[in-house]
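Subject: Structure for your review

Dear colleague,

Please find below the structure I am handing over to you. My notes on its strands, its pairing and its core follow.

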Amino acid sequence: MPLTRHLAAALLCLFLVACGSAPRLSQRSIYGDRPGPKGFNTVIIDAGHGGKDSGARARGLVEKQLALDVAKRLRSELWPGYKVVLMRDSDFFVDLDQRVARANRYGDAVLVSIHFNYGSRYRAGPETYYWRSDSYALAKRVQRNLSALAPYERDNAGLVRRRLRLTRNPALPCILVECGYLTNAKEAALVATSSYREKLAEAIARAIKDQARDGDAGMGPIPRPIYAPPSKAGDARG
Ligand SMILES: [Zn+2]
């Protein structure tokens, strides 16, 4: 029967399209209410800001440039052991919701957004933001490694659970890393050196590799999920 054959052909096409392009659905969750990632092979690196959005500017430093530099160093640390996707690889603007949509194309992946901080000149040190339960262990590993590296921590928030568009809205484990305060004289002087930025990238890469190997093991109790709606532009940050 021709009609049945057409139907069968159409269903086969749908099946092939679904298998070929869709991320593995078992890897996805819009709430992040599941264990942290283990054995993933793709890392999406998001250099914060770009183009018309320079991010923080302080002490002669520009956040968008430093974020891109650390993002590229992080790519070098991870590739070829991991497939690496750079959200931007030069100085152009990408809207936050576009970043979320692009990250959501990938299945077995984590998203790491790289930033530098702005605040009181007395504050110093790295901060790492997460929201989802499945992102906690990765965030904790990153913060621990960066904290061990940073010589001038003061009044920094450390590991923070906060709903940002890049910590809440992607359907995959995602964290946002503030690598240091550009407004602190000592930390800014360090961040201005390529050797320190290389150490930052190494520390983040080690955390990602540890997470891929061990999952949540050894990271203590995982916080309960929070079933909050997606983050919007009007929210406190990001
Ligand atoms: Zn930023």
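**Strand E5 and its neighbours**

Asn117 of strand E5 has Tyr181 as its bridge partner in strand E8; strands here are DSSP runs of E with at least two residues, helices are DSSP runs of H or I with at least four, and both are numbered from the N terminus. This is a predicted model, in which local features need pLDDT of at least 70 and side-chain atom pairs count only at pLDDT 80 or more, while totals for chains, interfaces and linings use all residues. Residues are numbered from 1 along each chain as its sequence is written.

E5 (residues 109-117) and E8 are parallel and joined by 6 bridges; two strands are said to pair if DSSP finds at least two bridges between them. E5 also pairs in the parallel sense with strand E1 (residues 42-47), again over 6 bridges, and Ile45 there is matched with Val112 in E5.

E5 is mostly covered, with 9 of its 9 residues buried. A residue is buried if 20 or more other C-beta atoms lie within 10 Å of its own, exposed if 12 or fewer, and partly exposed in between, with C-beta atoms placed from the backbone. Ala109, Leu111, Ser113, His115 and Asn117 point one way from E5, and Val110, Val112, Ile114 and Phe116 point the other way.

**The nonpolar core**

The largest nonpolar core (buried Ala, Val, Leu, Ile, Met, Phe, Trp, Tyr and Cys residues joined through C-beta atoms within 7 Å) has 54 residues. Among those with the most contacts inside it are Val110, Val112 and Ile114. Leaving aside residues up to four places away in sequence, Val110 touches Pro37, Phe40, Val43, Leu138, Leu172, Pro173, Cys174 and Ile208; contact means C-beta atoms, placed from the backbone, within 7 Å.

**Strand E6**

Glu127 and Tyr129 point one way from E6 (residues 127-130), Thr128 and Tyr130 the other, and all are buried. E6 runs antiparallel to E8 (residues 174-181), with 3 bridges between them; Tyr129 is partnered there by Leu176. With strand E7 (residues 158-161), E6 pairs in the parallel sense over 4 bridges, and Glu127 stands opposite Gly158.

**The whole protein**

The protein has 7 helices and 8 strands. Of its 238 residues, 42% count as buried. Among contacts with a separation of 6 or more, 84% are between residues 24 or more positions apart.

Yours sincerely

How values were computed:
Contact = placed C-beta atoms within 7 Å.
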